[in-house]
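Q: Got a minute to walk through this one with me? I'd like to start with the sheets and then poke at some side chains.
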Amino acid sequence: MREIVLIGIGTGNPDHVTIEAIRALNAVDLVLIPRKGPAKADLAELRREICGRYLEGRARLVEFDLPVRDAEGEYRSGVADWHRAIAATYRALIEAEAGPDAAVALLVWGDPSLYDSTLRVLDLMALGGFAFRRRVVPGITSLQLLCARHGIALNAVGEAVEITTGRNLRLAMPAAASVAVMLDGGCAFRAVEAEGLWIYWGAYLGMPNEILIAGPLAEVAGRIAAARAEARAVNGWIMDIYLLRRG
């Protein structure tokens, strides 16, 4: 039976790839490298760099074009259609490129458990009748790196932490003392009441073009929005995350 190994590779710095991840990479037969269009070509290049630095085993690298999500229409149904398209792409690639007992690696940005859908895509493949074993190798997450870069603890003493998205933050500010926000495409922090909130923001964490800004939300929100817009214009894409904290 084939095995699919999801390997968390961290947030953009090859030095953050764990020893377990390196061992897993060198035990597979095939590594699938997704291409996400010209604007995100450096994401595929980072995966190539990681393989070039650490891969000593027998694995072949196969690149492919990842299906694009239709941004029009209802969000959840669009994501569901996108996941089905990715599942069909993975299955076709693995059937064409890997033998019946091969091990196949997918290099997942950050960690496969935190706001990444590859595990759900594997569920769709299994439901569709594709037989395989799965293995997950954890990686350093952007949330861990954000806290490390700012030199802060994720949680306040004895207080809860909530991890959410920019889409949800626009609906309501959670009650937790610390709120980590991911997948925010439009500076949702500007939609919440800024009084009493601090923000710790980071973009391109772990990469050479890393950007960090922190301070009272009321004072630095505009600065973050401007830095984000400028960076996206220069790079063609942006990955950012931030922590909002009361007090």
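A: Sure. Keep in mind that this is a predicted model. One open sheet has 5 strands, ordered β3-β2-β4-β1-β5, and the pairing is parallel.

Q: Which strands stand at the edges there?
A: β3 (60-65) and β5 (132-137). Each has a single partner strand, so one side of each is left without a neighbour in the sheet.

Q: And how many degrees are neighbouring strands of this sheet turned against each other on average?
A: On average it's 25 degrees, direction ignored.

Q: Let's zoom in on β2. How many bridges join it to β3?
A: Strand β2 (residues 30-35) is joined to β3 by 6 bridges, and the two run parallel. For a concrete spot to click on, P34 stands opposite F64 in β3.

Q: What about helices? Which strands does α2 lie across?
A: Helix α2 (residues 41-54) lies across β2, β3 and β4 (103-108). Against β2, helix α2 runs at about 155 degrees. Helix α3 (residues 75-97) packs on the sheet too, where it touches β1 (2-8), β2, β3 and β4. The direction of α3 makes about 145 degrees with that of β3.

Q: OK, new topic: aromatics. How many aromatic pairs are there?
A: The count comes to 5 aromatic pairs. One of them is F64 with Y90, which is edge-to-face. Their centres are 5.9 Å apart, with 80 degrees between the planes.

Q: Why does that pair tie together parts that are apart in sequence?
A: Because F64 lies in strand β3 while Y90 lies in helix α3, so the pair links parts that are 26 residues apart in sequence.

Q: Is F64 buried or exposed? And Y90, buried or exposed?
A: F64 is buried, at a relative accessible area of 5%. Y90 has 8% relative accessibility, so with the cut-off for buried at under 20%, Y90 counts as buried as well.

Q: What sits over the ring of Y75?
A: That would be the charged end of R167, 3.7 Å from the ring centre.

Q: Switching to cysteines. How many disulfides does a search of the whole structure find?
A: It finds 0 disulfides.

Q: Take C187, then. Why is its sulfur too far for a bond?
A: Because the closest cysteine sulfur, in C147, is 20 Å away, whereas a disulfide needs the sulfur atoms within 2.5 Å. C187 is also buried, with a relative accessible area of 13%. C51 is another buried cysteine, at 3%.

Q: Speaking of C51, I saw L25 in that area. Which residues does L25 touch?
A: Not counting residues up to four places away in sequence, L25 touches I7, V31, C51, Y54, L55, A59 and L107. L25 lies in helix α1 (residues 19-25) and counts as buried, at 3% relative accessibility.

Q: What separates the C-alpha atoms of L25 and L106?
A: They're separated by 9.3 Å, with the two residues 81 apart along the chain.

Q: Back to sheets. What order does the open sheet with mixed pairing have?
A: This sheet of 5 strands goes β6-β7-β10-β8-β9. The edge strands are β6 (161-165) and β9 (211-216), each pairing on one side only. Neighbouring strands here are turned by 15 degrees against each other on average, direction ignored.

Q: In which sense do β7 and β10 pair?
A: Strand β7 (residues 178-182) and strand β10 (residues 240-246) pair in the antiparallel sense, over 4 bridges. If you want residues, A180 has L243 as its bridge partner in β10, and V179 has L244.

Q: And how many bridges join β8 to β10?
A: There are 7, and those two strands run antiparallel. L197 stands opposite R246 in β10.

Q: Is β10 mostly covered or mostly open?
A: Mostly covered: 6 of its 7 residues are buried.

Q: Last one: which strands does helix α7 lie across?
A: Helix α7 (residues 217-235) lies across β8 (197-203), β9 and β10. With respect to β9, helix α7 runs at about 160 degrees.

Methods: Residues are numbered from 1 along each chain as its sequence is written. This is a predicted model: local features need pLDDT of at least 70, side-chain atom pairs count only at pLDDT 80 or more; totals for chains, interfaces and linings use all residues. Side-chain values use heavy atoms; hydrogens and water are left out. Two strands pair if DSSP finds at least two bridges between them. Axes are lines fitted to C-alpha atoms, for helices over the stretch in contact, and angles run from 0 to 180 degrees between N-to-C directions. Contact means heavy atoms within 4.5 Å. Rings of Phe, Tyr and Trp (its six-membered ring) pair if their centres lie within 6.5 Å; planes under 30 degrees apart count as stacked, over 60 as edge-to-face and the rest as tilted. Buried means under 20% relative accessible area, exposed over 50%, partly exposed in between (1.4 Å probe, protein chains only). A charge sits over a ring if NZ of Lys or CZ of Arg is within 6 Å of the ring centre and within 35 degrees of the ring normal.
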